[in-house]
Amino acid sequence: MAGVKMATVTVSSAGTRVRFIAADTAIKRIYVMPDFSNTGSVYVGGSDVASSVMGRRMLPGNFDSFTVDYEEQAGNLSDWYADAETSGNKLHYIAVLVGDG
């Protein structure tokens with residue numbers, strides 16, 4: 001049975017991307033939502049994510065999910081990053097982990 005990992009990523013310094021998690025963690029889906037109290041957009045993407053680089057721009061309180069084709073190869077939670085327009089902005093996520101069943 002697959003488990004979940006829930007956490008909050010805080011972008012301490014605007015323009016400096018933050019990795020969701022350092023350890024390799026196999027996932028099949030991830031749900032993301034910027035905190036309602038954020039004062040600017042948060043950007044979600046890979047290791048090159050920034051407000052000027054390809055990434056998913058999310059406004060405070062928006063919600064989105066991404067599915068990974070884990071039948072071919074599981075996604076890795078450590079490949080996900082966030083950046084923000086405003087220092088201190090937060091992003092909450094729930095990752096559905098790849099399990100045995």
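This is a guided tour of one predicted model, moving from its nonpolar core outwards to a few single residues.

Before you start, note that residues are numbered from 1 along each chain as its sequence is written. Because the model is predicted, local features need pLDDT of at least 70 and side-chain atom pairs count only at pLDDT 80 or more, while totals for chains, interfaces and linings use all residues, and side-chain values use heavy atoms, with hydrogens and water left out.

**The core**

Begin by selecting Phe20, Ile27, Ile30, Leu77 and Tyr93, which have the most contacts inside the largest nonpolar core, a set of 19 residues. A nonpolar core here is a set of buried Ala, Val, Leu, Ile, Met, Phe, Trp, Tyr and Cys residues joined through side-chain atoms within 4.5 Å, where buried means under 20% relative accessible area, exposed means over 50%, and partly exposed lies in between (1.4 Å probe, protein chains only). Now colour strand E1 (4–11), E3, E4, strand E8 (81–84) and strand E9 (89–97), the elements that give two or more residues to this core; E9 gives the most, with four residues. The strands (E, at least two residues) are DSSP runs, numbered from the N terminus.

Stay with Phe20 and show what surrounds it, using contact in the sense of heavy atoms within 4.5 Å. Leaving aside neighbours within four places in sequence, Phe20 is in contact with Val9, Ile30, Val32, Val44, Leu77, Trp80, Tyr81, Ala82, Leu91 and Tyr93.

**Val44 in strand E4**

From that list, select Val44, which is placed in strand E4. Is Val44 buried or exposed? Its relative accessibility is 3%, and Val44 therefore counts as buried. Not counting residues up to four places away in sequence, Val44 touches Phe20, Val49, Gly55, Arg56, Met58, Trp80, Tyr81 and Leu91. Asp83 stands 39 residues from Val44 along the chain, and the C-alpha atoms of the two are separated by 6.7 Å.

**The salt bridge**

Move next to Arg56, another of the residues that Val44 touches, which is found in strand E5 (residues 56–58). How many salt bridges does a search of the whole structure find? The search finds one, and it joins Arg56 to Asp64, with the closest N and O atoms 2.6 Å apart; the term means a side-chain nitrogen of Lys or Arg within 4 Å of a carboxyl oxygen of Asp or Glu. Of the two partners, Arg56 is partly exposed, since its relative accessible area is 36%, whereas Asp64 is buried, at 18%. Beyond its neighbours within four places in sequence, Arg56 is in contact with Val42, Tyr43, Val44, Asp64 and Phe66. For a sense of distance, measure from the C-alpha atom of Arg56 to that of His92, 36 residues apart along the chain, where the separation is 14 Å.

**Three loop residues**

Select Asn38, which sits in the loop between strand E3 (26–34) and strand E4 (42–45) and which, at 9% relative accessibility, counts as buried. Leaving aside neighbours within four places in sequence, Asn38 is in contact with Pro60, Asn89 and Lys90. A polar atom of the Asn38 side chain lies 2.8 Å from the backbone oxygen of Lys90. Gly88 is 50 residues from Asn38 in sequence, and the two are 7.9 Å apart in space, C-alpha to C-alpha.

Then go to Thr25, in the loop between strand E2 (18–19) and E3. Thr25 is buried, with a relative accessible area of 16%, and, leaving aside neighbours within four places in sequence, Thr25 is in contact with Gly75, Asn76, Leu77 and Leu97.

The third loop residue is Gly15, between E1 and E2, and Gly15 is exposed, with a relative accessible area of 53%. Which residues is Gly15 in contact with, leaving aside its neighbours within four places in sequence? They are Asp83 and Ala84. Asp48, 33 residues from Gly15 in sequence, is 11 Å away, C-alpha to C-alpha.

**A surface patch**

Finish on the surface with Val4, Met6 and Ile94, which make a nonpolar patch of about 290 Å²; Val4 is found in strand E1. Patches are made of residues with over 30% relative accessible area and no salt bridge, with like charges joined within 9 Å and nonpolar side chains (Val, Leu, Ile, Met, Phe, Trp, Tyr) within 5 Å, and the areas come from the Shrake-Rupley method with a 1.4 Å probe, for which only the protein chains shown count as cover for residues.

Notes. Polar contact = N/O pair within 3.5 Å; in protein donor to acceptor, adjacent residues only side chain to side chain.
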